[in-house]
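I opened this model to look at two things, ring pairs and strand pairing. My entries follow in the order I made them.

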Amino acid sequence: DFFVDFLNINLVSYVRLASLALPLLKESGGHLVVISSLAGKIPVPGLTFYCSVKYALDGFFSSLRVELMKAQQDVSVTLAVLGEIWTAQKQEVLEKVPGSQAMLDFSAAIDKTALAIIRGGATRAREIYYPVYTFPWYQLTNLMPQVMDYLMTMAPDLDSSGTDQ
């Protein structure tokens, strides 16, 4: 079943790996850095499966962060909330989609994204939002969820590859 495989790859593997690493992280005062997406903070039409696992990552690792704090364990959990990131594969796919150049232009460079993630983990940040536009979108969802729902109804439906259906 596609959805079960999707969950195993994009959620269960994160949870299992963190669970296996946790004893060593507790001994060393280590860091967990979880790669997530703005789609785990806001609803995105056409990406229901993807959004569901990203929301679940946020829920699991935010709860784990609080459990570790409550137990006075020196293990930090950083959630990296990423927006559009340029990759060669994304460019190849989007070049075939009319009107997609704006999405490519809006995408952050992969090296700068990696640096932001590393910086967030090294400073033990609770969450990082990269590129900069991801945080206002998240805040809009919290402050005016009905407005965000309306705005997202105007967005094109996306499939799991990130292209228009």
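Entry 1, accessibility of the phenylalanines. I looked up Phe 3 first and got a relative accessibility of 28%, so I noted Phe 3 as partly exposed. The model is a predicted one, and I read every value here as computed from it. Phe 49 came out at 37%, so Phe 49 also goes down as partly exposed. For Phe 6 I found 13%; the cut-off for buried is under 20%, so Phe 6 counts as buried.

Entry 2, ring pairs. How many aromatic pairs does a search of the whole structure find? I noted nine. One of them joins Phe 3 and Phe 49, with 4.5 Å from centre to centre and 45° between the planes, and I logged this pair as tilted. I then checked where the two rings sit along the chain. Phe 3 belongs to helix 1 (residues 2–28) and Phe 49 to helix 2 (residues 48–70), so this pair links distant parts of the chain, 46 residues apart.

Entry 3, a second partner for the ring of Phe 49. I placed the ring centres of Phe 6 and Phe 49 at 6.4 Å from each other. Their planes make 45°, so I entered this pair as tilted. Phe 6 is in helix 1 while Phe 49 is in helix 2, so the pair ties together parts 43 residues apart in sequence. Following the ring pairs further, I got a cluster made of Phe 2, Phe 3, Phe 6 and Phe 49.

Entry 4, the sheet. I traced an open sheet of three strands, in the order 1-2-3, with parallel pairing. Which strands are at the edges? I have strand 1 (31–37) and strand 3 (127–130), each of which pairs on one side only. From one strand to the next I computed an average twist of 20°.

Entry 5, strand 1 against strand 2. Strand 2 covers residues 76–82 and runs parallel to strand 1, and I found seven bridges joining the two. I also looked up Ser 36, and its bridge partner in strand 2 is Val 81.

Entry 6, a helix on the sheet. Which strands does helix 6 touch? I found helix 6 (residues 134–143) packed on the sheet, in contact with strand 2 and strand 3. The direction of helix 6 makes about 115° with that of strand 3.

Definitions and conventions. Residues numbered from 1 in each chain as written. Predicted model: local features only at pLDDT ≥ 70, side-chain atom pairs only at ≥ 80, totals over all residues. Heavy atoms only, no water. Phe/Tyr/Trp six-rings, centres within 6.5 Å; stacked < 30°, edge-to-face > 60°. Buried < 20%, exposed > 50% of the residue type's maximum accessible area, 1.4 Å probe, protein only. Pairing = 2+ DSSP bridges. Axes fitted to C-alpha atoms, helices over the stretch in contact; angles between N-to-C directions. Contact = heavy atoms within 4.5 Å.
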